[in-house]
Amino acid sequence: MSQSQETLSNLLQETRRFAPPAELAETANVTAEAYEEANADRLGFWARQADRLTWSKRWDTVLDWSNPPFAKWFVGGELNVAYNCVDRHVEAGLGDRVAYHWEGEPGDTRTITYAELQREVSKAANALLELGVRKGDRVAIYLPMIPELPISMLACARIGATHSVVFGGFSADALRTRINDAQAKVVITADGGFRRGKPSALKAIVDEALKDDSTPSVERVVVVRRTGEQIAENPRDVWWHDLVDRQSDQHTPEAFDAEHPLYILYTSGTTGKPKGILHTAGGYLTQVAYTHYAVFDLKPETDVYWCSADIGWVTGHSYIVYGPLANGATSVIYEGTPDTPHKGRWWEIIQKYKVTIFYTAPTAIRTFMKWGDDIPAQFDLSSLRVLGSVGEPINPEAYVWYRQHIGGGRCPVVDTWWQTETGAIMISPLPGVTAAKPGAAMRPLPGVVADVVDDQAQSVPNGGGGFLVLKEPWPAMLRTIWGDDERYVKTYWSRFDGLYFAGDGAKRDEDGDIWLLGRVDDVMLVSGHNISTTEVESALVSHPKVAEAAVVGSTDPVTGQAIVAFVIPRGSAGEEVEGEGFVAELRDHVAKTLGPIAKPRQIMIVPELPKTRSGKIMRRLLRDVAENRSLGDVTTLTDSSVMDLIRAKLPSAKPED
Ligand code: ATP
Ligand code: MG
């Protein structure tokens, strides 16, 4: 048995199971037969999902994989993505259905029906055409979570321009790099957005990014007025209301090739320099629409769906914009943060719009655990019926908390594994089918072929751990890294011959179900055993006084690497956590839960953890702290003062034993 097989292995024993509620199982959009159907004929299965869309010209070939790893899906097919997301619903008589309930942070609201969305997108498309944007041009979008964001994306898709959305929290440098990498011709931005009750400037950051001719491709900057704050005006600027409002609300969409570039999106940069991931029209839309329908059991006539992600991340692209709209869903979009003006804001929104399906990230769930159970308890969350999680492994304890305190113990929780690169959900329970285990992504979805392999690319047996790979191409797969085919091949297709390497560690339990174990770069080697950060973190979070934990390996003269943990206590745990006694209690708790090998050498109680702007824990910075090095690149951190707070804790955090 190679090392990786014995590894990352079954430290965590999880026996809890949550079967689908009977009613959901009976009425579910997708049943267990879908797995068989897809196994019997995978390409036929995807062709049937593509048929849920409206094509101007049908494809000749479902998949062309003659030049791997460069895939072409639905070859010869033509469609317009915006038409599929908007117009066809209006044509089907659903123009009055709400597409978005938009909620601004200050409490202003806007309700947009599909008919209005069609008019708004058409006007924006005409505006882009007036600015000279043509098929194949790139448009950078740097907006807060306001309706103009999805409208801009759809306007690009409608005219065949390729959008590159840059998350509104990114710096001028990050924006400039992305604009230049994509060679964007136009930038769409706003004067600012609202963040924690205050206007927060965006246009000034665009000006900084574009200054001194550092982005020569940019011809025009379109500015939405959101906050009304003063901005510096430049000859290349044009106000959205001056440009878009006077356009015709009629625009006839043209059909584009299935492989036409829809968007470029940069990965969140958790492990290194972000990669410009390219997604194309037909395959992407097919898989996001299918997965949104299957994984959330979307019933567009009755459901109110809310994904709390920012549209600046792939989760927002696929599951706020393209998937839900392709399915004719009614969604909520919220501009602000969960704690403004109070820590019950999200639950208030669920109560207000009677949200039935809610999709969020473990980082948010752990924050709510830290804030305390009493906050969601003050709101009526009884409309909810399906809950989802994405972004990081969800610790079993956080899963159970989410199910209990948000889902009232009745809603299935789907832990969805996927990446910017995969474009759509790949591994997840199906809410009407799967008896889910807390913390497990369970099985590849119908039509997806995933595996856990050892370092020789051999499947590990049940009970084994190794590397997560995808064995067959899938419709929403990235087509390349923008402008860098070589890096695409090297990053994803070179580790294992013919397999897509996701960069994540995983295990397959005794039942054959898949558990994600974190980035392979984060795996620790302690006395010859590979131990996953996720399992130790989950063991810590299973202690009733712990809300959140991050674990790293630090060089150790005896064991090679030793486990160092950073722990945030739960809200109600209060002062009791400060003493030495608490640290000893936690170390023993880990030893009891996972075995003595996983006992952390050192545990630091900290107020915050360093996170990327998408909310993921950045372990490499904690590794620097644990090994007493100066910090690496902190530019993707949400708040770099967090590292000072953690450093300040260091002197008292001596190694024990
Ligand atoms: P970069 O690739 O630049 O380091 P990133 O990987 O954080 O950034 P994303 O594409 O946003 O960028 O994140 C995908 C990763 O998030 C996955 O590879 C995985 O590590 C993690 N992830 C997402 N969903 C889950 C999940 N349900 N369970 C476990 N891990 C998940
Ligand atoms: Mg990644």
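This is a short dialogue on how to read some features of a predicted model.

Reader: Let me begin with the open sheet of seven strands: what is the strand order?

Author: Happy to start there. The order is E5-E4-E17-E16-E18-E19-E20, and the pairing is mixed. Strand E5 (109-113) and strand E20 (413-415) stand at the edges with a single partner strand each, so one side of each has no neighbour in the sheet. On average, neighbouring strands are turned by 20 degrees against each other, direction ignored.

Reader: In which sense do strand E16 and strand E18 pair?

Author: Strand E16 (residues 305-307) and strand E18 (residues 357-360) pair in the parallel sense, over three bridges. You can look at the partners one by one: Trp306 has Phe358 in E18 as its bridge partner, and Cys307 stands opposite Tyr359 in E18. On to the next pair: E18 and E19 also run parallel, joined by four bridges, and Thr360 has Ser389 in E19 as its bridge partner.

Reader: How should I read the two faces of E18?

Author: The general idea is that in a regular strand the side chains alternate between the two faces of the sheet. In E18, Ile357 and Tyr359 are on one side, while Phe358 and Thr360 are on the other. All four are buried, and both faces of E18 are covered. Helix H16 (residues 396-406) lies across E18, strand E19 (386-389) and E20, running at about 150 degrees to E19.

Reader: Now the interior. Which residues have the most contacts inside the largest nonpolar core?

Author: As background, nonpolar side chains tend to be buried together in soluble globular proteins. Here the largest nonpolar core has 141 residues, and those with the most contacts inside it are Leu117, Phe296 and Tyr322. Phe296 is a nice one to click on: not counting residues up to four places away in sequence, the residues it touches include Tyr305, Ile357, Tyr359, Val386 and Val414. Another core, of 51 residues, lies apart from the largest one, with Trp346, Ile349, Ile406 and Val413 among its residues.

Reader: And helix packing? At what angle do helix H7 and helix H12 pack?

Author: Two packed helices are described by the angle between their axes and the distance between the axes. Helix H7 (residues 148-159) and helix H12 (residues 314-326) pack at about 60 degrees, with their axes 11 Å apart. That angle makes H7 oblique to H12. The crossing is right-handed. Pro150, Met153, Leu154 and Ala157 of H7 make the contact with His317, Val321, Tyr322 and Leu325 of H12.

Reader: I like to check backbone torsions. Which peptide bonds are cis?

Author: One is the bond from Pro68 to Pro69, with omega near 5 degrees; Pro69 sits in the loop between strand E1 (61-67) and strand E2 (70-75). Another is the bond from Thr340 to Pro341, with omega near 0 degrees. Pro341 belongs to the loop between strand E17 (331-334) and helix H13 (345-353).

Reader: What about phi: is it positive or negative at Phe74?

Author: Phe74 has a positive phi of about 55 degrees, although it is not a glycine. Phe74 lies in strand E2 and is buried, with a relative accessible area of 0%. Asp212, also not a glycine, has a positive phi of about 55 degrees too.

Reader: Is Asp212 buried or exposed?

Author: Asp212 counts as exposed, at 68% relative accessibility. Its place is in the loop between helix H9 (203-210) and strand E11 (220-224).

How values were computed:
Residues numbered from 1 in each chain as written. Chains lettered and ligands numbered in written order. Predicted model: local features only at pLDDT ≥ 70, side-chain atom pairs only at ≥ 80, totals over all residues. Heavy atoms only, no water. Pairing = 2+ DSSP bridges. Axes fitted to C-alpha atoms, helices over the stretch in contact; angles between N-to-C directions. Contact = heavy atoms within 4.5 Å. Core = buried A, V, L, I, M, F, W, Y, C linked by side-chain atoms within 4.5 Å. Buried < 20%, exposed > 50% of the residue type's maximum accessible area, 1.4 Å probe, protein only. Parallel < 35°, antiparallel > 145°, perpendicular 65-115°, else oblique. Left-handed = near helix turned anticlockwise from the far one by under 90°.
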